Amino acid sequence: MVQVAASAARALRDDAADISAWHALARSCDALGRYDAAARAWQMLEKLDGARPEYRLGRARSMLSDRDATGALAILDDRDVADDAPFAAALVRGHALRALGQTEEAVGQYRHAIDLDTSSGIAWWSLAAIKRSVIAEGELATLENLATKDDASAGILYALGKAYDDTADFAPAFAAYCRGAKRWHAAHGYDAESDVRVFDDLAEAPSQCRVADDGGAASSPRPIFIVGMPRSGSTLLEYILAASPDAAGADERPYLGRIVAEMGGYPTKLATSDPAVLAKAATRYRALMQRHSGDRPVVIDKNPNNLWFVPFILAAFPDARIVDLRRDAMDACSSAFTQLFPAGFDYSYDLQDLAAFRQGYVSMMDRLAAQRPDRLLIASYERLVKNPEAEARRIFDHCGLEWNADYLDASNRQGVVHTASTEQVRRPISTASIGKWRRFERGLAPLAKALGARL
C-alpha cells in the first residue's frame with residue numbers, strides 16, 4: 001500500500017491533472033490512516049473532475065475517520081450525495097451522528113440504511129451496537145428470518161445476538177454471537193501460536209535495544225500510549241487524561257504501526273537498529289501527531305494494538321509513557337467476543353484464541369513492566385471505576401501530568417468518540433460492567449478453563 005501511495009505521488013508530479021493517480025492517492029492514504037491527506041486528495045478530485053457525489057462521499061468518510069464528524073455531516077447533507085449513494089450516505093451519516101453523541105438521529109439513519117438494503121450486516125450491526133436496546137419487535141423478527149439463511153453474514157448474527165442480549169435473553173444471544181464469530185473466523189482465520197511466539201520475542205527486546213536520542217523532553221508533542229485489549233476502558237481513560245489542559249486526545253491512530261512496518265523485520269530488527277534510525281522514525285510519528293495535539297505539549301494515542309510496539313516505544317521515545325489498562329480477563333475476553341470489530345482484533349472470534357492471546361499479552365507486559373517500571377504502568381480498569389480518583393491520580397503521576405479532581409466529571413467527555421464506547425464514555429463513571437461476563441457463564445466455561453479462571 002505504501003508503494004501504491006508513492007507511485008500515485010510520482011504520477012501527480014508528472015501530471016497534476018491525472019485523475020486516476022489522484023484517485024489512487026486518495027484510497028491509499030485512507031488505507032494508510034492518513035485521513036487528512038486522503039480528504040485533500042478527494043477534494044482535488046472534485047476540482048479536477050467535477051464535484052461528483054462519489055468524491056464528496058469519499059471526502060466525508062476521510063473527514064469522519066479524521067474525527068471531523070461535523071465537517072463530514074456538512075458534506076453528507078448535499079442532496080446529490082444522498083441521491084447518488086443513499087445507502088452509503090445514510091450509513092456514514094449514522095456513524096458521524098453517533099460519534100457526536102446524537103444517538104437518536106444516528107438510529108434513524110441506520111434504520112434508513114436498513115430500509116435501503118435489508119440484508120446488510122453492517123447496517124444491522126451498526127443499529128444493534130448502540131449501547132441500549134433499539135431493535136424493535138418487528139425488526140427482531142426480520143433479523144431472525146435473515147439469520148436462518150445459509151449465507152447469513154457475521155453482521156446479521158452479531159446484531160441478532162445483541163438484540164437478544166439487550167432483552168436479557170442470554171442463551172440465544174450467546175448462540176448467535178458464537179455463530180457470528182464462527183462465520184467471521186472461517187472467512188479470516190487466525191494463528192494464536194504465532195502471536196504468542198512474537199510476544200515472547202518482544203518481552204526480550206528491550207534488554208537488547210540501543211535507545212534513540214530524539215530530543216527527549218524537548219521533543220513535541222510528548223506521547224502517552226494507552227495499550228491493551230479492546231473493551232477495557234481505554235476511551236474512558238483517554239478522556240480523563242485529555243481533560244488536562246496539557247494533554248490532547250488523538251483517538252486510535254494507525255501511525256505507529258505503519259512506521260514500524262516500513263522499518264521491516266520487526267521485532268528482531270529493532271534490537272540492532274541504529275539509534276539514529278529510531279530517532280528519525282520517532283520524529284515522523286511526532287510530526288503526524290502534532291496536528292492532533294494542537295498547542296498542547298502532550299498527546300494521547302490510545303490504539304490498543306500499539307501493544308505490539310511497546311519495545312519500539314521504549315527505544316524510540318525516551319520521553320514517552322505507556323499505560324497498559326488491564327480489565328478482568330473474563331470481562332475483557334467476553335466483551336471482545338461479543339463485539340464485531342471493523343478490523344484489527346482477529347483473535348477475538350474464538351474463545352481458545354482469546355485465552356491464548358490474553359495470556360501471551362499479559363506475560364509480555366508483565367515482563368516489560370518489570371524491566372521499565374518508570375516508563376510502563378499496568379493500570380486496572382476495575383480500580384479506575386471503583387475508586388476513580390486514586391487510580392486516576394496514580395496514572396497521572398506516571399504520565400507526568402498534574403491532577404485535578406474535576407477531570408473525572410462526565411461533562412469533560414463530550415467530544416467526538418469513534419469507538420464502540422461512544423455512549424458509555426459520556427456517562428458518569430460506573431461499575432456496572434464489572435462481572436458482566438457472568439450472563440454467559442455456562443457458554444464461557446471453555447474460556448474460563450483456558451484462562452484458569454474460577455466460575
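Which strand does β2 (residues 247-249) pair with, and in what sense? The points below take up that question first and then turn to the helices, the cores and the cysteines of what is a predicted model.

1. Strand β2, covering residues 247-249, pairs with β3 in the parallel sense, and 3 bridges join the two. Within this pairing, A248 stands opposite V299 of β3. On its other pairing, β3 is joined to β1 over 4 bridges, again in the parallel sense, and there the residue of β3 that partners P223 is once more V299.

2. Strand β3 itself spans residues 298-301 and is covered on both faces, since V298 and I300 on one side are buried, as are V299 and D301 on the other. As a general rule, the side chains of a regular strand alternate between the two faces of the sheet.

3. Strand β1, made of residues 222-227, also pairs with β4, in the parallel sense and over 4 bridges, with I226 having V323 of β4 as its bridge partner. Strand β4 in turn runs parallel to β5 (residues 376-380), to which 5 bridges join it, and one of the partnerships here sets I322 against L376 of β5. A reader following the chain will find β4 at residues 321-326, where 5 of the 6 residues are buried, so that the strand is mostly covered.

4. Helix α7, at residues 86-99, has the length one would expect: its 14 residues, at 1.5 Å a residue, should span 20 Å, and the C-alpha atoms at its ends are indeed 20 Å apart. The helix is mostly covered, with 11 of its 14 residues buried, and among these are L91, V92, R93 and L97. Its buried residues are covered by elements including α4 (53-65), α5 (69-76), α6 (79-84), α8 (103-116) and α9. Just after α7, G101 takes a positive phi of about 85°.

5. Helix α9, which covers residues 121-128, includes G121, and this glycine counts as buried because its relative accessibility is 9%, below the 20% cut-off. Leaving aside neighbours within four places in sequence, G121 is in contact with S153, G155 and I156. The C-alpha atoms of G121 and A152 are 8.2 Å apart, although the two residues are separated by 31 residues in sequence.

6. The largest nonpolar core has 110 residues, and the members that touch the most others are W124, F312, F317, L354, F357 and L447. Helix α19 (residues 351-371) supplies the largest share of this core, namely 10 residues. In soluble globular proteins, nonpolar side chains generally tend to be buried together. For L447, the contacts beyond four places in sequence are with M330, C333, S334, L351, L354 and A355. There is also a second, separate core of 24 residues, which includes L237, L325, L377 and Y407.

7. On the cysteines, the reader should note that the structure holds 0 disulfides. A disulfide is, in general, a covalent bond between the sulfur atoms of two cysteines. Two cysteines may be described by their accessibility: C29 counts as buried because its relative accessibility is 8%, whereas C178, with a relative accessible area of 28%, is partly exposed.

How values were computed:
Residues are numbered from 1 along each chain as its sequence is written. This is a predicted model: local features need pLDDT of at least 70, side-chain atom pairs count only at pLDDT 80 or more; totals for chains, interfaces and linings use all residues. Side-chain values use heavy atoms; hydrogens and water are left out. A nonpolar core is a set of buried Ala, Val, Leu, Ile, Met, Phe, Trp, Tyr and Cys residues joined through side-chain atoms within 4.5 Å. Buried means under 20% relative accessible area, exposed over 50%, partly exposed in between (1.4 Å probe, protein chains only). Contact means heavy atoms within 4.5 Å. A disulfide is a pair of cysteine sulfur atoms within 2.5 Å. The expected span of a helix is 1.5 Å times one less than its number of residues. Two strands pair if DSSP finds at least two bridges between them.
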